[in-house]
Amino acid sequence: MNVALMAQRFDIPGQLVTVMPFGDGNVNDTYLAIFRTTFSEERFIIQRINSNVFANPKEIMSNMRVITEHVHRRLEDEIHLSDRIWQLPRIVETKDGEDYTVDGNGSVWRGISYIHSAQAFEKIQSLDHAHEAGMVL
């Protein structure tokens, strides 16, 4: 399936500029999609969920919706207690209002918000880095 066509199924304002492979993940096929409007640029992540690893990707998305909504509510309730900014990707809905879309081969695709300030690491970089990872967990 054409990844650009899949990206255009999600409810992102503007015109698609590019879709490119993103990251070094070994489970899902991950891409960064960039859309532009007259005054802004929107970036989001699009992933084809690996059904060999996740037997029921639709349940994965249902669980992701429950978890992200719960965590976002907690973060909003506890913002005054935190000394840091916590960010969690949000699900990007399709133009049909769904949490995922299915291509002609039956593969499930999801869109999630892109966190500009985030970095991904293959392994822990230092003791401080391990501490930060533990704080998230």
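This report covers the nonpolar cores, two buried threonines, one loop valine and a surface patch in a predicted model.

## Nonpolar cores

The largest nonpolar core has 13 residues. Phe-10, Phe-44, Ile-46 and Trp-109 touch the most other members. Three elements each supply at least two residues of this core: helix H1 (3–7), strand S2 (29–36) and strand S3 (41–48). Another core lies apart from it, with 9 residues. Leu-32, Met-61, Val-108 and Ile-112 are among them.

Phe-10 has a long contact list, even with neighbours within four places in sequence left aside. Two of its partners, Phe-44 and Ile-46, belong to the largest core, and so does Trp-109, which Phe-10 also contacts. Phe-10 further contacts Val-92, Glu-93, Thr-94, Lys-95, Thr-101, Arg-110 and Gly-111.

## Thr-101 and Thr-94

Thr-101 sits in strand S5 (residues 101–102). Its relative accessible area is 11%, so Thr-101 counts as buried. The Thr-101 side chain makes a polar contact with the side chain of Arg-9, at 3.0 Å. Beyond four places in sequence, Thr-101 is in contact with Met-6, Arg-9, Phe-10, Thr-94, Ser-107, Val-108 and Trp-109. Among these, Phe-10 and Trp-109 are members of the largest core, while Val-108 belongs to the other core.

Thr-94 is found in the loop between S4 and S5. Thr-94 is buried because its relative accessible area is 4%, under the 20% limit. Outside its neighbours within four places in sequence, Thr-94 contacts Arg-9, Phe-10, Asp-11, Tyr-100 and Thr-101. Arg-9, Phe-10 and Thr-94 thus all appear among the contacts of Thr-101.

## Val-27

Val-27 lies in the loop between strand S1 (15–21) and S2. With a relative accessible area of 32%, Val-27 is partly exposed. Residues up to four places away in sequence aside, Val-27 touches Asn-50, Val-53 and Phe-54.

How far apart in space are Val-27 and Thr-38? The C-alpha to C-alpha distance is 35 Å. In sequence the two are 11 residues apart.

## Surface patch

Trp-86, Met-135 and Val-136 form a nonpolar patch on the surface. Together these residues have about 290 Å² of accessible area.

Trp-86 lies in the loop between helix H2 (57–77) and strand S4 (91–92). Why does Trp-86 count as partly exposed? Its relative accessibility is 32%, which falls between the 20% and 50% limits, so Trp-86 is neither buried nor exposed.

Key:
Residues are numbered from 1 along each chain as its sequence is written. This is a predicted model: local features need pLDDT of at least 70, side-chain atom pairs count only at pLDDT 80 or more; totals for chains, interfaces and linings use all residues. Side-chain values use heavy atoms; hydrogens and water are left out. Patches are made of residues with over 30% relative accessible area and no salt bridge: like charges are joined within 9 Å, nonpolar side chains (Val, Leu, Ile, Met, Phe, Trp, Tyr) within 5 Å. Accessible areas come from the Shrake-Rupley method with a 1.4 Å probe; for residues, only the protein chains shown count as cover. A salt bridge is a side-chain nitrogen of Lys or Arg within 4 Å of a carboxyl oxygen of Asp or Glu. Helices (H or I, at least four residues) and strands (E, at least two) are DSSP runs, numbered from the N terminus. Buried means under 20% relative accessible area, exposed over 50%, partly exposed in between (1.4 Å probe, protein chains only). A polar contact is a pair of N or O atoms within 3.5 Å; within protein, one must be able to donate a hydrogen and the other to accept it, and residues adjacent in sequence count only if both atoms are side-chain atoms. Contact means heavy atoms within 4.5 Å. A nonpolar core is a set of buried Ala, Val, Leu, Ile, Met, Phe, Trp, Tyr and Cys residues joined through side-chain atoms within 4.5 Å.
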